[in-house]
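Subject: Two-chain model, handover and findings

Hello,

Here is the structure we talked about handing over. Please load it first, then read on.

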Amino acid sequence: MPKIKLPRSSPSIDMTPMVDLAFLLVTFFMLTTKFRPDEAVTVTIPASVSTTKIPDNVTTVSIDSAGRVFYDMDSKDVRETLITYMAGRYKIVLTAEDQQRFSIMGAFGIPMAKMKEYIEDQGAGRKILNQQTMGIPTDSTKGDELADWVNLGITADATVVANKVAAGNKDAKRSSFAIKADSKAKYKDIKRVIDICQKQGVSHFELITTVRSRPK
Amino acid sequence: MADVDTGGGGGGHGKHQKKRAKKLSTKLDMTPMVDLGFLLLTFFMLTTTFNKPKVIGLTPPVKDTTHKTKVDTTSLTVILSGNNKVYYYKGLLAMTSDSNNIKLTDFSDKGIRQIILNNNGFVAGLMTDLDKKHKANLITDSVYDKLKDSVEGKKQAMFVIIKTDSLAKYVNVVTMLDEMDICNIGKYSLIDASKPDIDMIRDFNQKNNIK
C-alpha cells in the first residue's frame with residue numbers, strides 16, 4: 001500500500017489579525033492618553049487605604065515639601081474667566097493670547113507681579129521661575145494672593161457653571177476642592193492653606209493620596 | 001499577507017510592445033511598520049495610567065465654634081508631633097493635665113492602631129459581626145455601609161481628638177486620618193494642640209529624656 005502523503009502545511013502564519021489588533025490597541029491608547037503639561041512642582045503624596053476616587057472637576061492647591069503653595073484648576077473655561085478677574089484686581093494688562101495660554105497651563109505658584117512674565121515665557125524661563133518662586137503668597141501681612149485666587153476662583157466657577165446650565169448643559173458641576181500636599185510638608189503649612197480657603201467659604205476638602213493596601 | 005495589488009499582469013500585451021521593464025515584486029515588506037506599531041503600543045500601554053489618585057474627604061471644623069465635650073462618650077486624645085511621634089492620653093485635656101497620663105507610641109501596626117482598637121471594644125465587637133455577614137454576602141454593600149455608619153456613630157463608640165503641634169508633618173495627619181478609617185472610628189476631630197498640651201509633652205519629654 002502506498003503511503004498517504006499528508007500535504008505539507010506552509011510554515012508561515014497569517015499575521016494579519018494580530019497586526020490589526022495591535023494597531024487597534026495603538027489607536028486606542030493614543031486617543032485615551034492625556035498628556036499632562038509639565039508639572040510646576042513635584043509633590044510626593046502620602047498613601048491611604050481610601051477607595052474614594054478623585055472627583056472629575058477639581059481645584060487643586062498643591063503644597064510642596066518646602067511649604068510653597070501652587071494653585072491649579074481643571075476646567076479650561078473657568079481658568080480663562082479667573083485670569084481676567086485676577087488681572088482686573090491686580091491691575092495687570094494681559095492680551096487675549098495670554099489668557100488663552102493661562103487657560104491651558106498646569107499648576108502655578110507665581111506671585112501676580114510676575115504672572116505676565118510667567119505666562120509669556122513658555123520655555124526655559126518658566127522652569128527657572130518655577131524653581132525660584134516662593135509659591136503663591138499666603139501671608140496676610142504682605143498680601144494674601146491665595147485668598148484672592150480661591151475667592152475669585154469660586155466666583156469664576158459659579159459664573160461659568162451658571163452660564164453652562166443656562167445654555168442647557170445640565171451636567172455642569174461646580175468644582176470640588178482638593179489638597180495635594182507633599183508627605184514631608186509641615187502640617188501647619190497645610191493648616192494655613194485650609195484656614196485661608198475656609199475663610200473664602202470652602203468647607204470640604206479632598207486630600208489627594210495614593211493607594212495602599214488595607215492592613216488586616 | 002498585506003499585498004498591494006497593483007493590477008499588474010493584466011492588459012497591455014500589444015504586438016508592437018517595446019521591451020518590458022522587469023516586473024517588480026508587488027509584495028511590500030511590512031515588518032518595519034509592524035515593529036513600529038508594536039513599539040508605539042508598548043509605549044502607550046506603559047505610560048497610560050488608568051487609576052486616578054484616591055482622596056480622603058476632610059471637613060474641618062469652623063474655627064469659632066466652641067468644642068462641646070460629651071461626658072458619656074469615651075474619648076482618646078492623640079497629639080501628633082515631629083519625628084513621627086504620637087502622644088496620647090485617655091479622655092480630654094481637662095481631665096488629664098498631668099504629664100504622667102501621657103504615653104508615647106508610633107505609627108507602626110502595634111502602635112496607635114492597637115491602642116485605638118483596644119480602647120474601642122464596643123465598636124470592634126459589632127464590626128466583626130457585620131464584617132462576617134458582609135463577607136458571607138448576607139448583606140449588600142449599601143446596607144453594610146449604612147450599618148457601619150450607625151455603629152460608628154453610636155453613643156458608646158469612641159471619640160478621637162487628633163491634635164497637631166507645629167512639628168507634625170502632613171503625612172502624619174494623613175496616616176492618622178487613615179487609621180480612623182481602618183479602626184472604624186466615625187467620630188473624630190482634627191484640631192491644633194493647645195498650650196497645656198504642648199507643656200505636657202515638654203514635661204513628658206524632659207522626664208523621659210526624649211528629644
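Below are the findings, starting with chain B and ending with a few single residues.

One caution first: this is a predicted model.

**Chain B in outline**

Chain B has 211 residues, and 24% of them count as buried. It holds six helices and six strands. Read from the N terminus, the order is α-β-β-β-β-α-α-α-β-α-β-α. Contacts reach far along the sequence. Take the contacts in chain B with a separation of 6 or more: 70% of them join residues 24 or more positions apart.

**Where the chains meet**

On the chain B side, 35 residues are in contact with 44 residues of chain A. Three elements of chain B each give two or more residues to that side: α1 (31-47), β1 (54-58) and α5 (170-182). The top contributor is α5(B), with nine residues. By class, the chain B side splits into 20 nonpolar, nine polar and six charged residues.

A strand pairing also links the two chains. Strand β5 of chain A, residues 205-211, pairs with β1(B). The sense is antiparallel, and there are five bridges. Within β1(B), B:L58 is the residue opposite A:F205.

**The largest nonpolar core**

Which residues touch the most other members of the largest nonpolar core? They are A:I179, A:I190, A:V193, B:V78 and B:V160, out of 76 residues in that core. Domain 1 (69-117 + 158-211) and domain 2 (121-156) of chain B both supply residues to the core, so it lies between them. As a general point, nonpolar side chains tend to be buried together in soluble globular proteins.

B:V78 is worth selecting. Set aside its neighbours within four places in sequence. B:V78 is then in contact with B:V86, B:Y88, B:I112, B:V160, B:I161, B:I162, B:K163 and B:M176.

**Two domains in chain B**

The domain assignment splits chain B into domain 1 (69-117 + 158-211) and domain 2 (121-156). Their C-alpha centres lie 26 Å apart. Eight residues from domain 1 of chain B and eight residues from domain 2 of chain B take part in the contact. The domain 1 side has three nonpolar, three polar and two charged residues.

**Strands of chain A**

Start with β4(A), residues 176-181. Five of its six residues are buried, so this strand is largely enclosed by the rest of the structure. β4(A) has two strand partners to look at:

- β2(A), residues 58-63, pairs with β4(A) in the parallel sense over six bridges. A:I63 stands opposite A:A181 of β4(A).
- β5(A) runs parallel to β4(A), and two bridges join them. A:I179 has A:L207 in β5(A) as its bridge partner.

A:I179 also appears in the core list above. Between β4(A) and β5(A), add helix α7 of chain A, residues 187-199: together the three make a right-handed β-α-β unit.

**A β-α-β unit in chain B**

Chain B has a right-handed β-α-β unit made of β5(B), α5(B) and β6(B). Strands β5(B), residues 159-164, and β6(B), residues 187-192, pair in the parallel sense over six bridges. The bridge partner of B:T164 in β6(B) is B:D192. Its helix, α5(B), is the one that gives the most to the side touching chain A.

**Three loop residues**

A:G135 sits in the loop between α5 (124-132) and α6 (145-166) of chain A. Is A:G135 buried or exposed? It counts as buried, because 23 C-beta neighbours lie inside 10 Å. Not counting residues up to four places away in sequence, A:G135 touches A:R68, A:V69, A:F70 and A:G109. A:V161 is 26 residues from A:G135 along the chain, and their C-alpha atoms are separated by 28 Å.

A:K91 is in the loop between α2 (76-89) and α3 (96-104) of chain A. Its phi is near 55°, a positive value in a residue other than glycine. A:K91 is exposed, because it has 7 other C-beta atoms within 10 Å.

B:N184 also has a positive phi, near 55°, and is likewise a residue other than glycine. Its loop runs between α5 and β6 of chain B. B:N184 has 20 C-beta neighbours inside 10 Å and so counts as buried; the cut-off is 20 or more.

Best wishes

Definitions and conventions. Residues are numbered from 1 along each chain as its sequence is written. Chains are lettered from A and ligands numbered from 1 in the order in which they are written. This is a predicted model: local features need pLDDT of at least 70, side-chain atom pairs count only at pLDDT 80 or more; totals for chains, interfaces and linings use all residues. Helices (H or I, at least four residues) and strands (E, at least two) are DSSP runs, numbered from the N terminus. A residue is buried if 20 or more other C-beta atoms lie within 10 Å of its own, exposed if 12 or fewer, and partly exposed in between; C-beta atoms are placed from the backbone. Two residues are in contact if their C-beta atoms, placed from the backbone, lie within 7 Å. Ala, Val, Leu, Ile, Met, Phe, Trp, Tyr, Cys and Pro count as nonpolar, Asp, Glu, Lys and Arg as charged, and the others, Gly among them, as polar. Two strands pair if DSSP finds at least two bridges between them. A nonpolar core is a set of buried Ala, Val, Leu, Ile, Met, Phe, Trp, Tyr and Cys residues joined through C-beta atoms within 7 Å. Domain bounds come from an automatic or database domain assignment. A crossover is right-handed if, with the strands pointing away from the viewer, the path from the first strand over the helix to the second runs clockwise.
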